[in-house]
Amino acid sequence: MARLESFEKLVSLAKRRGFVFQSSEIYGGINACYDYGPLGVELKRNVKQMWWNAMTRAYDNIVGLDAAILMHPKVWEASGHIAGFSDPLVDCKKCKTRFREDTLPEETMKSKECPECGGELTESRQFNLMFKTQMGAMEDTASTIYLRPETAQGIFVNFPNVVDTSRQQIPFGIAQIGKAFRNEITPGNFIFRTREFEQMEMQFFVHPDDADEWFETWKARRKAFYDTIGIAQENLRFEAHGPDELAHYARAAFDIEYKFPIGWSELEGIHNRADFDLKQHEEFSGKSMSYMNPQTNERYTPFIIETSAGCDRTTLAILCEAYEEETLEDGSVRTVMHFHPSVAPIKVAILPLVKKGGLRELAQDLKDQLKNHFNVFYDEKGAIGRRYRRMDEAGTPYCVTVDFDSKDDNAVTVRDRDSMEQVRIPMAELKAWLTARISVG
Ligand code: GAP
């Protein structure tokens, strides 16, 4: 299967079929913000559900959390984001374009010439990536707060609450899915780098002596996860951060990279954050963030192994992985999204061959029987071939056709999206037949 060479065709399909739209499109759009349409929202919800099942339901020692986006401003002092969460920025004095200094060639920085218009570039300055806002109604008394740039800090500050309330003992993890915001200087590549995005993060608290082993365990577990959502292992790789690339909090870090059309790029980060975060919050809040082993009475500050995935980036990888323009035997080309059934937005389409002769009623009955078990789509308009093509583009694994024979033999034709093969299945067995093929995770 040929791989996508650019995002262009995907962006067009995403818009045409209702996966992803530009935010505020009728006003000309807003840069690097996107909305998920009817198919996109189902796809993204499935990604989150698969992650949540894999990271909480699958383990007795991982619990969930849903922390507020707005946090006490001291959190961001303690975390190092106010002092250090910045990128070096240069502006063109003439065309006003902004560049991240570290993405410009050395010659450009020496010549100080804008790559867009040849105008003069300013000196480099640090640009903090956090969005600021005000809390409180009165401007003069209101305090400056920030939209969180990562969900992780909500987990760290709740570590004592979870220890006190959940009966968890180290080693254990806290998982969270939520929005994060970064005023990126160079957003782009569709939903790869946006200013508002969702993270799926898990912080695993361990004894310092066990941190290296848990780091390896989580690297392997996280890479294996991508199988379950249909991303081939051959399109994934680990990339270690060198000593000069490590974030201020990290003792060791690996990215899981995916082979996007723009090249190998980060999908998820796995970090050994040591005791940096808990120690910082202990210092800034004055509250103990240590842990006492109830068996040995040993008191210590746990180390944290973090797995940090981007939900939008994972969704983009799934879209890239699924896309195919397939040339059929008759020379025609069909666009098909080969989603893994676990993430496919629509699992089953119910298509009466025609509306008349009782087929509509039979098909609607079938839809009603299945809709509490799968996301089912009903479509009775247009030629059956066209309806199949629409479902191929939506990535629906199975199309069920109700025809005139169905009234006599109580069976339907099920078409497989990938092979396009058709089989006859008794209606009474359809739910079990589909469940065996669709229900995963
Ligand atoms: N708590 C650690 C942390 O936030 P990160 O490497 O900065 O680490 C983790 O971000 C993941 O979040 C990335 O691997 C990526 O999938 C996603 N991510 C980060 N910035 C993003 C952006 N501007 N747009 C979309 N996804 C982003």
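Which element contributes the largest share of the lining of the largest pocket? In this predicted model, that share comes from β13, which supplies 6 residues to the lining. The pocket has a volume of about 1,300 Å³, and 47 residues line it. Phe-85, Arg-182, Arg-193, His-241 and Glu-266 are the lining residues that lie nearest the centre of the pocket. Besides β13, the elements that give two or more residues to the lining include the helices α4 (81–84) and α10 (311–322), together with the strands β4 (86–91), β10, β11 (236–240), β12 (252–260) and β16. When the lining is divided by class, 18 residues are charged, 15 are polar and 14 are nonpolar.

The space of the largest pocket is taken by the ligand. Around the ligand there are 21 residues, of which Glu-150, Glu-184, Thr-194, Glu-201 and Glu-266 come nearest. Glu-266 thus appears both among these residues and among those nearest the centre of the largest pocket. The shell around the ligand comprises 10 charged, 6 polar and 5 nonpolar residues. Three strands, β10 (196–206), β13 (263–274) and β16 (303–310), each supply at least two residues of this shell. The contribution of β13 to the shell is the greatest, at 6 residues; β13 likewise gives the largest share of the pocket lining.

Individual contacts to the ligand involve both side-chain and backbone atoms of the protein. A polar atom in the side chain of Gln-199 is placed 3.0 Å from an oxygen atom of the ligand. In the side chain of Glu-306, an N or O atom lies 2.9 Å from a nitrogen atom of the ligand. At Gly-310, the contact is made by a backbone N or O atom, with a separation of 3.0 Å from an oxygen atom of the ligand. The ligand taken alone exposes 560 Å², and 93% of that area is buried by the protein.

A search of the whole structure for cavities of 30 Å³ or more returns 1 cavity. The volume of the largest cavity is about 40 Å³. Its lining consists of Arg-3, Leu-4, Lys-259, Phe-260, Pro-261 and Cys-320. By class, 4 of the residues lining the largest cavity are nonpolar and 2 are charged, with no polar residues present. In the lining of the largest pocket, by contrast, 15 residues are polar.

Terms used: Residues numbered from 1 in each chain as written. Predicted model: local features only at pLDDT ≥ 70, side-chain atom pairs only at ≥ 80, totals over all residues. Heavy atoms only, no water. Near = heavy atom within 4 Å. Polar contact = N/O pair within 3.5 Å; in protein donor to acceptor, adjacent residues only side chain to side chain. Areas by Shrake-Rupley, 256 points an atom, 1.4 Å probe, with all protein chains shown as cover. 1 Å grid on protein atoms, 1.4 Å probe; cavity = no way out; pocket = protein on both sides within 12 Å on 5 of 7 lines; lining within 4 Å. Sits in = over half its atoms within 2 Å of the grid points. Helix = DSSP H or I, 4+ residues; strand = E, 2+ residues; numbered from the N terminus. Nonpolar A, V, L, I, M, F, W, Y, C, P; charged D, E, K, R; others polar. Points joined across faces, edges and corners; volume = space filled by probe spheres on them.
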